[in-house]
Amino acid sequence: MGQTLFEKVWEAHAIRELRNGQTQLLIGTHLIHEVTSPQAFAMLREMGLPVAFPDRTFATVDHIIPTDQRTEPFSDPLADAMIKELRKNCLEFGITYFDVFSGKQGIVHVVGPEQGITQPGTTIACGDSHTSTHGAFGAIAFGIGTSQVRDVLATQTMAIGKLKVRRINVDGKLPAGTYAKDVILHIIRKLGVNGGNGFAYEYGGEVFDKFTMEERMTVCNMSIEGGARAGYVNPDETTYAYLHGRPYSPKGDDWKRAINRWESYVSDADCVYDDVANFDAKEIEPTVTWGINPGQAVFISERLPTPETTPEDQRGSLAEALEHMKLQPGQPIKGTPIQVAFLGSCTNGRLSDFKEVARHIEGRHVARGVKAIAVPGSQGVGAACKELGIDRIFTAAGFEWREAGCSMCLAMNPDKLVGDQLCASSSNRNFKGRQGSPTGRTVLMSPVMVAAAAITGEITDARELFSR
Amino acid sequence: MALRKILEVKGTCVSVPGDDVDTDRIIPARYLKCVTFDGLGESLFYDVRFDQNGNPTNCSLNDPRFAGATILICGRNFGCGSSREHAPQAIYRYGFRAIVAESFAEIFFGNATTLGLPCVSASRGDLGRIRQIADSEPKREMTIDLTAEMIRFGDNEFQASIGPSARDALINGRWDPIGELLEASALVKEQMAQLPYVQAR
């Protein structure tokens, strides 16, 4: 019987079984950032432990960094203390740190792939739940807590129970104007925000075969929003073409050997999955959320659910979500006014996202009264956009063009919603208060849908707007 | 490393209702700007406990009848979202020593267990009954027996599941795995030698 990629990578990294039945798993690549690492370093110091393999940890700063001005000290003393702490820790323990002035800084899940650090057949951990992003390369990547960051720093391993594998097939052809973001929002809507508990998601089928690496990353990124701690796509020529020549990619003879090795991890044709879910691509439409978790979503053409159409045990959540969102049961989502448009994040802050939006907004302008910000996921993405003149297309259209960081995806830097502003957002979470105001409202959608909402000032079917 | 064996948790309860209570709700991101976990307890459920003007809401956590509760009662998929350990840290530092819910998000569950904060699951029906008792008799103590995986509350007993590895880790005092992980350093080096990508460049 064949094995899945997950099982093969797991076996190659399993050190031993622990007394409680979990596995001690080797984590080949460890990524850290300023929010979830300082306490881990403090724990190491307290225990008198060194970092076991400092060359297997890579750091950058993303959550707290302001995107409008980079002069230090930052105006927020807490943010300033955090970046200084990260610098100090990396220096003291000999960890590679992509700092603000390196030209390589950015959101950790954008930087890892961009640098070629993220590779197939590897295990990756980071103190951030969107670490699942790296699975796009056929890596098994886990979001971890700070005590586990400590464990990985001290031992290059962590304790974890083996996951089951659910194969998710998306076959057929995606309709025009439908993107990777719509695919994952649709999957989460159908399988539920906790449907992936205990599973790693293996994404495949015609849609994923054709997807670029950046599209695969968008989907894998949001695996955790469906409850799956890891999500991955088997590596193929697209993966290898992306990685070829990147700073940390294998070179020369090592490159050939690496490809052979990576190929050996691909799920066998006769492997057995713990579960399979099938989707038909042609049935997927541009999808937007209406509630306070990423599973509360509808197609742009649909109306919101009503208590009558909602299972009894979900009616409480429906009422709570509608109250927060100030929306009515059964109303169309289309036409809902927005005040803010956010383009960026580890989900949709890559070059292809800005390229695709630029193609649509050229010659158009953001609606009056809408604050629209475009935030590249890394300095590399920002530089590539500048080289292509994409930043100027955005500024000409009335977007603010910012420096790299997590920005308005979460409220740890100056980019925040105010009051009950409604934000059309290309990010990954629409939790209450996520974007910085306890009463702020987030509607998740694809970058092109964000652009359409920015231009009209209301939630819009981008296919209709941009065909005009 | 000798850790305390957590065989049972005893205490009064308070219920924070709702399903899919996420980590941003448990501790809003703006309170993650810190380099230590000290003081996180004060920010627990901040936007649930306080209104826009910083005045206490009528949330159960502000109700003096439930003051001193050490067991938190929640709904389905509790702790979904971020991997931030700040969430269970805030719950622990606020004073809770166990959480009873219908189910837990996976990363949250692992983070909490590593702190010695048991997360036990009960059925939706039993949780409804537990909430009723907690609301009507706020001074009534609950006992969560981790060995037997049972909740005793008043005259009632409810099944409580925690899963074999977390149960083993808690009742045998090995919920923080660092000591055991450190024992295997020779095996780790051996395994790393088999994997080209982890070799020094």
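## Helix 3 and the contacts of chain A

Immediately after helix 3 of chain A, residue A:Gly94 adopts a positive phi of about 70 degrees. The model is predicted, and the account below starts from this helix before turning to the contacts between domains and between chains.

Helix 3 of chain A comprises 17 residues, which at 1.5 Å a residue should span 24 Å; its end C-alpha atoms lie 24 Å apart, in agreement with that expectation. Its buried residues are A:Ala79, A:Met82, A:Leu86, A:Asn89 and A:Cys90. Viewed down the axis of helix 3 of chain A, these buried residues fall within an arc of 95 degrees, and therefore line one face of the helix. In general, an α-helix has 3.6 residues a turn, so residues three or four places apart point the same way. The face of helix 3 of chain A that is turned away from the buried side carries the exposed residues A:Pro77, A:Lys88, A:Leu91 and A:Glu92. Helix 2, strand 4 (57–60) and strand 5 (96–98) of chain A are included in what covers the buried residues of helix 3.

Chain A is divided into domain 1 (5–265) and domain 2 (290–467). The C-alpha centres of these two domains of chain A are 24 Å apart. Their contact takes 37 residues from domain 1 of chain A and 35 residues from domain 2 of chain A. On the domain 1 side, helix 4 (108–115), helix 6 (180–191) and helix 8 (213–221) of chain A are the elements that give two or more residues. The largest share of that side, five residues, comes from helix 6 of chain A.

The contact between the chains takes 62 residues from chain A and 52 residues from chain B. Elements of chain A that each supply at least two residues to the side touching chain B include helix 2 (38–47), helix 3 (77–93), helix 5 (146–155) and helix 11 (315–325). Strand 1 (14–17), strand 2 (23–26) and strand 8 (157–160) of chain A also each supply at least two residues to that side. Helix 5 of chain A gives the largest share of the side of chain A that touches chain B, six residues.

The table sets out the residue classes on the two sides described.

| Side | Nonpolar | Polar | Charged |
|---|---|---|---|
| Chain A, touching chain B | 21 residues | 28 residues | 13 residues |
| Domain 1 of chain A, touching domain 2 of chain A | 14 residues | 13 residues | ten residues |

Note on methods
Residues are numbered from 1 along each chain as its sequence is written. Chains are lettered from A and ligands numbered from 1 in the order in which they are written. This is a predicted model: local features need pLDDT of at least 70, side-chain atom pairs count only at pLDDT 80 or more; totals for chains, interfaces and linings use all residues. Two residues are in contact if their C-beta atoms, placed from the backbone, lie within 7 Å. Helices (H or I, at least four residues) and strands (E, at least two) are DSSP runs, numbered from the N terminus. Ala, Val, Leu, Ile, Met, Phe, Trp, Tyr, Cys and Pro count as nonpolar, Asp, Glu, Lys and Arg as charged, and the others, Gly among them, as polar. The expected span of a helix is 1.5 Å times one less than its number of residues. A residue is buried if 20 or more other C-beta atoms lie within 10 Å of its own, exposed if 12 or fewer, and partly exposed in between; C-beta atoms are placed from the backbone. The arc is that of the directions from the helix axis to the C-beta atoms. Domain bounds come from an automatic or database domain assignment.
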